[in-house]
Amino acid sequence: MKVGIIGTGFVGLSFAAALASNGYSVLAIDSNKKIVSKIGQGISPFYEPQLSSLLRKALKKSLKVSTDIEKVVNECDLIFITVGTPLADDGSINLNSVKEVAEKIGQTLAASKNRPIIAIKSTVVPNTNYTIKKILEKRSNKKSGKGFGLVSNPEFLREGKAIEDTFNPHIVVIGGEDNKTINGLKKFYEGFYREKIPYIITNPQTAEMIKYANNSFLATKISFINQIANICQSVPGTNVDNIAKAIGIDPRISPLFLKAGPGYGGSCLPKDLQALISFSSKVGQNPTLLKAVQKINSDQVTNLVSFMKKILCSLKNKRITILGLSFKEDSDDVRESVSIKLIKMLLNKGAKIIAHDPMAIKNTKAVFGNKISYSKSLSEALENSDCAVIMTPWKQYGKLNNVDFQVMKNTLIIDTRRMLTKKKLNVKYHAVGLGPV
Ligand code: UGA
């Protein structure tokens, strides 16, 4: 079986490398020539643990990378669409890339003898499958279910754990209209995943909605625990982690995604929540809970700035050390990172920023250039600082101690992820979700 993957972001490239390193013949396509050339040399265009070594293994086996979408359409039995779906300026989803890919697939299919199964893995709002079906049918002059198969097949992998999740997904969702196509894709997955995985077989619009419901629920859990954390900050002695641990034991709640922090970031949760809110209003619904989740999340960073202002009196010319720039650990991705939002707000208040991160300095420089300073050395980042804020839970921040903080001018530490232990420190220590300073 020959597999085509269109779009080499986190999902597409991880999937391509996983399949090809396991012997599948894979053709991965991207419209960006620079990215294609990098991947062809075995270099991942972004940092993702295990991906580079898997990619090199895949290239030695049966992974081919190119910009030639026609080849995919003419030769592949199974085609996965994994292109990006960013937000449009009005907060709704921008489906242009998915539609453009569908146009090209349709045009090529018109003159092709191939009858591939096309699976939409990109995150798309309900009814997109229908729109794509219409484009494919119009361009190819063939009927879905006959000249090609079409299914919605959302994915649930996490950045930083993309390879682990690609090999061991917790679920496979397939939304389709004809059984032959659904069963074809299911059989493919059953061959690839030897472990038993729950399969949810449904219609396309439900599959599309599952993805949004999933990410929105994760965002809801985070905003819930952040709200509890904020309440704890006004109750001496309370500890949000102990509360999360206790409620997480209740099987109806589960312990995951209950880590209070500076708010969620990244290229998925903020975007998907916003897209669902926008979609809801288009279908005549007012999603008040989702809006509250979003508001709690954006307030989280504002609360941090207010707190710093209160303790340091004014932020003007204060030297602030930001520890962690990526939206999560084990990633160099700064898209919608709360650290980036915090830095913007602090710069507006006249603060001077020195930023530290083991992986994400390059991407942060693309945002701020020389408006802020950067350091890969923790001691340099802390030197003469008025306040250090732990934003991303990189392991090394949990090892910081009194000796490290001695170089600071003013030892105010704000620990949004509770990586340090208050009792062991001789500093003014404030942690999100612990009682007042
Ligand atoms: C998220 C989902 O977790 C994946 O299942 C989904 O496939 C993916 O989006 C997607 O739609 O492609 P990801 O964006 O990689 O994955 O990151 P998460 O692990 O969900 O973390 C998102 C943010 O929430 C991070 O800023 C993280 O620090 C924060 N977070 C997470 C918390 O503040 N507390 C938690 O308990 C968990």
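A residue is taken as buried when its relative accessible area is under 20%, and in this predicted model both Phe15 and Tyr189 are buried. The structure holds 12 aromatic pairs. Among them is the pair formed by Phe15 and Tyr189, whose ring centres lie 6.4 Å apart with the planes at 35 degrees, so that the arrangement is tilted. This contact joins distant parts of the chain, since Phe15 belongs to helix α1 (residues 10–21) and Tyr189 to helix α8 (residues 179–192), the two being 174 residues apart.

A further tilted pair is made by Phe192 and Tyr193, with ring centres 4.9 Å apart and planes at 50 degrees. With a relative accessible area of 7%, Phe192 falls under the 20% limit and is therefore buried, and Tyr193, at 9% relative accessibility, likewise counts as buried. The residues of both pairs belong to a cluster in which ring pairs link Phe15, Tyr24, Phe80, Phe167, Phe188, Tyr189, Phe192 and Tyr193.

Charged side chains also lie over aromatic rings in the model. The charged end of Lys121 sits over the ring of Phe15, at 5.0 Å from the ring centre, and Phe15 is also the residue that pairs with Tyr189. In another such arrangement, the charged end of Lys186 is placed over the ring of Tyr199, at 5.1 Å from its centre.

Notes
Residues are numbered from 1 along each chain as its sequence is written. This is a predicted model: local features need pLDDT of at least 70, side-chain atom pairs count only at pLDDT 80 or more; totals for chains, interfaces and linings use all residues. Side-chain values use heavy atoms; hydrogens and water are left out. Rings of Phe, Tyr and Trp (its six-membered ring) pair if their centres lie within 6.5 Å; planes under 30 degrees apart count as stacked, over 60 as edge-to-face and the rest as tilted. Helices (H or I, at least four residues) and strands (E, at least two) are DSSP runs, numbered from the N terminus. Buried means under 20% relative accessible area, exposed over 50%, partly exposed in between (1.4 Å probe, protein chains only). A charge sits over a ring if NZ of Lys or CZ of Arg is within 6 Å of the ring centre and within 35 degrees of the ring normal.
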